Structures are given as C-alpha cells and as structure tokens.
Amino acid sequence: MTTDNPAPVILIDDDSDLLKATRQTLELAGFAVSAFSAAREALATLDKSFAGVVVSDIRMPEVDGLQLFDRVLRLDPDIPVILVTGHGDIAMAVKAIKDGAYDFITKPFATERLAQSVARAAEKRRLVMENRALREAAEQAQEGLPLIGQTPAMERLRRTLRQIADTDVDVLVTGETGSGKEVVAGLLHRWSRRAKGNFVALNCGTLPETVIESELFGHEAGAFTGAQKKRVGRIEHSSGGTLFLDEIESMPASTQVQMLRVLEMREVTPLGTNEVRPVDLRVVAAAKVDLGDPAQRGGFREDLYYRLNVVTLSIPPLRERRDDVPLLFGYFAERAAARFRRAVPATSAAVQRQLREHDWPGNVRELAHFAERFVLGLEDIAEASSPAAAQSDSSAPLPERLDRYEAEIIRETLGRNDGDVRRTIEALGIPRKTFYDKLQRHGIVRSDFSKVDQSGGTATPLRR
C-alpha cells in the first residue's frame, strides 16, 4: 500500500443516521469507507490482509463492539480498532485500551477528533503491512525466491510461473533491461523437477559470432585454431536442466539456424565431429524487444521465434508497477546495510520524492544500486542528478539545467545497454574520452548499471 492510495476504513454502527454522517466525515477526510449496520457483516469482509482501520460503535445488538474487537484481535492483533460509545464508560474505555484497542472515543465527538485518530491508526497499519511485506520478501529471497512485488501484475506472474514451471515447455521472457528476466528463468528452473540439473546461462549479446557457436554446441580437440581440448557446449551441459539464452535477439543468423534444429530435434552436434548427441533440453529465452513485432524483430528468424514462443511471459517495467518500488527499495536497503555493516538511514523527503517520481529506466537493477548509494549516505548525489530534481528547479541557470539533462540521458543510455561502454558510446555518438570525462563530471559510476539480479547480488560472469 502506498500513501497515494486512500486508507480503507470499516465503519460499523446500528444507528443509520449516525452511520451515514460518520461515513461522510471520514470520506471527506480522504478515507475509503465501507459502512455496515451490523458487526457480523463487517467481520465477514475482514482478514489478515486488511490494510486499514476498524471504527465501531459499542452498543449494538447481537454482536456488540467489544465482541467485534475481541474477534478482530484474534484475527490480527495489529489491525487498529477504534471504539465509539455514547455512554462515557470510563472503566470500559480503560479495559479496551489495556486489551489493545487503538483508541476510545465518546459521543458526541468532534469530527476532527475522529479523523485525526483514524489517520494515525491508518499510518500505523500501513507501516505494519509494509514491514510484513518486507519480511516476507526477505524470507522469499533466502529461500531463493527473489521475484519481489505485491502489485497484481507481479502476483499474476508468480502464479503463472508456478503453473508452467514443471511442464517442460520452452518459454520466451520479454522485458526491459534490469527488469529481472534471468530471475524468472531461475525460478522456472528451481520450481521444476529439473532443479537437480544444471541451470546454464549464456548472454547472446556479449559473445562474438566466432565464439558463440563453440560455447553453445561444444567442440572436439582440433576443431579450429586454438581448440586444444575437447569442450562440452552449454546446450549439452544443460541436458536434464535448463538452458537460459539471454538477449537472444542478438544471436547471429548462422547460429539461429543451428539453434532451430536443436529445438526441433533435441540433439546437438559439436564442432569438429559428425556425432549427434541427444539432449534432454528445456530452453528459456529472454529478449529486450518484442520478437512478435516484425519491426522490432529485425534479422531474427521468424520460424525460431515461433518455435520459442510456446509460452511468453512479459515482465512489466518498474514505472508500470510503482507500488512495488517502496517494497523493493526497503528490501535492497536492508540487504545493502547488512553487506556494508551499516544501519539503514532515515528516508529523507528527497529520497521519497526520487522513489515516487523517477521512472527507473534501469528498472530493478537501477533501484538496487540506488538503495546501495542511499545506505552509503550518497542519496544527495542521487537526488541532484534525478530527473525530478532537474524538472523541479526551473529557475536554475540554463547551463545547470542542461548539465542535469545530459546526465540523465547518459544514465538512461547506460541502463538500456547494461553498462556496456562500447554500446553506450555508439548510442550517444560521442568519443570514448568525452564519455569518460562526462562520467567524471556528473559523478556517474558506470558499474552501477552492470547486471545484478533481483536478490541484490552481482550476476556471475557468463564466460567460463
């Protein structure tokens, strides 16, 4: 839950006129109110996931406010309950507060008194729910389940992964740089019966055409100049496990033809031999572009796309699931604090604004590095270079505003290219020396855009 969403309030009162008036009061104060005239109806809608506040009259037929409070307490003692009575029973108030009621208000009451009490209770509940989610995320990460997020899109993605993990179908994963495609591939492997086999990863965008075939298919000794020893290829090594091909849109055309045959026949022929070796293969391929769109597919073979496209999973970018940003940030900050042996600092208004307003073009990877800088006390640097800061200070001199805009373009381009210097320089169209001068001038750390997974660790090199 974020502070941008109205806090939910369950309101119970058997006096219909008072129920209507109190509901209007709370809705005017910015709360999302569900009103009930009987406690049983309200209890039927409550569970541990309720993220708001319960406000109840005490004197009611059948189930009164104290009985309702007792049942809520057993359901979740951290749900704030505010009790209202017109009888001013001090002994009752003392006992209710002692038993854990959040507040006790006597009728008649000022509308501001109730609204303020509900606001404080809602903030307490928000913090409880965020801490629970953070603990759950940490527990999941320790269990090897680092796909963190509580937005509907991420919940659907996790459900789909569970459904298809053990089916052995080939999967195509699409998503922007840093969104967690390798994490998804890892979960498909871990949640399947192939988990005892090898999870073998290859980034097709990092290897030249002269090397990638040997890496994938293996080779015999003497197959080509420099091949002094026999080598088992990634495909054969992944037999019985999972082969993850990242940036498959970068695979050379000649290799695509051979890969198509491997997928169709489930066999591999190493370089330098005519021996055909069967493989028990499951392929998870990842792409930064939509291979179903001919304009984006470019030189990628259409038949290979359709062969891979048995199941397609799309990972939404962070800007489309902003409610996950605070949770992810908290998780990464805790991880960084443990690693750097520091306490997590208080979150300043500037950091909160950055989390709320930044579009995170580098997605989860960029957010993880931002959390690390925050724990190291470098959040002021991050704030000064954020697009929100650049846009908000329209009174700054033109050179200063241009510098900020330039810095953001460099960051965005580094994010798109996983921190790869050559590709970033080509995209920016500037000399290498100029590029490094600008990094130093703007305080940009290129390694911040190198590949990390959602569990906060740096990815292992893909070359052996």
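**Entry 1: a loop residue**

I began with Lys 230, which sits in the loop between α8 and α9 (234-237). Before going on, a reminder to myself: this is a predicted model. Is Lys 230 buried or exposed? Its relative accessibility is 51%, and the cut-off for exposed is over 50%, so Lys 230 counts as exposed. Next I looked up how Lys 230 stands to His 219: the two are 11 residues apart in sequence, and their C-alpha atoms are 5.8 Å apart in space.

**Entry 2: two more loops**

I did the same for Gly 30, in the loop between α1 and β2 (32-36). Gly 30 comes out as partly exposed, because its relative accessibility is 41%. I then took its partner Asn 5, which is 25 residues away along the chain; C-alpha to C-alpha, Gly 30 and Asn 5 are separated by 9.3 Å.

Pro 345 was next, and I found it in the loop between α13 and α14. With a relative accessible area of 29%, Pro 345 is partly exposed. How far is Pro 345 from Val 375, C-alpha to C-alpha? I get 6.3 Å, for two residues that lie 30 apart along the chain.

**Entry 3: backbone oddities**

Still in the loop between α13 (325-340) and α14 (349-357), I stopped at Arg 341. Its phi is near 55°, a positive value, and Arg 341 isn't a glycine. Arg 341 is exposed, at 79% relative accessible area.

Glu 62 is another case: its phi is positive, about 60°, and this residue is not a glycine either. I placed Glu 62 in the loop between β3 and α3 (65-75). Buried or exposed? Glu 62 counts as exposed, since its relative accessibility is 67%.

Then I checked the peptide bonds. The bond joining Lys 107 and Pro 108 is cis, with omega about -10°. Pro 108 belongs to the loop between β5 (103-106) and α5 (111-142).

**Entry 4: empty space inside**

How many cavities of 30 Å³ or more does the whole structure hold? My search turned up 4. The largest cavity has about 70 Å³ of space.

I wrote down who lines that largest cavity. Among them are Leu 11, Ile 12, Asp 13, Val 55, Ser 56 and Asp 57, along with Phe 109 and Leu 114. Lys 107 is on the list too, and that is the residue I had just met at the cis bond with Pro 108.

Which elements give at least two residues each to this lining? I noted β1 (8-12), α1 (16-28) and β3 (53-57). Of the elements, β3 gives the most, with 3 residues. Sorting the lining by class, I got 7 nonpolar, 2 polar and 3 charged residues.

**Entry 5: the nonpolar core**

From empty space I moved to packed side chains. The largest nonpolar core has 28 residues. Which of them have the most contacts inside it? Ile 235, Leu 245, Ile 248 and Met 259 do. Several elements supply at least two residues each to this core: the strands β7 (199-203), β8 (242-246) and β11 (283-287), and the helices α8 (209-217), α10 (253-265) and α12 (302-308). The largest share, 4 residues, comes from α10.

**Entry 6: rings**

Last topic: aromatic rings. I count 7 aromatic pairs. One of them is Phe 435 with Tyr 436, and I asked why this pair is called edge-to-face. The ring centres lie 5.4 Å apart and the planes are at 70°; edge-to-face needs planes over 60 degrees apart, so the pair fits that label.

The two partners are neighbours in number, so I looked up the accessibility of each. Phe 435 is buried, at 0% relative accessibility, whereas Tyr 436 is partly exposed, at 37%.

Which residues do ring pairs link into a cluster? Phe 329, Trp 360, Phe 370 and Phe 374.

One more ring went into the notebook, this time with a charge over it. The charged end of Arg 162 sits over the ring of Trp 191, and the distance to the ring centre is 3.7 Å.

How values were computed:
Residues numbered from 1 in each chain as written. Predicted model: local features only at pLDDT ≥ 70, side-chain atom pairs only at ≥ 80, totals over all residues. Heavy atoms only, no water. Phe/Tyr/Trp six-rings, centres within 6.5 Å; stacked < 30°, edge-to-face > 60°. Buried < 20%, exposed > 50% of the residue type's maximum accessible area, 1.4 Å probe, protein only. Lys NZ or Arg CZ within 6 Å of the ring centre and 35° of its normal. 1 Å grid on protein atoms, 1.4 Å probe; cavity = no way out; pocket = protein on both sides within 12 Å on 5 of 7 lines; lining within 4 Å. Points joined across faces, edges and corners; volume = space filled by probe spheres on them. Nonpolar A, V, L, I, M, F, W, Y, C, P; charged D, E, K, R; others polar. Core = buried A, V, L, I, M, F, W, Y, C linked by side-chain atoms within 4.5 Å.
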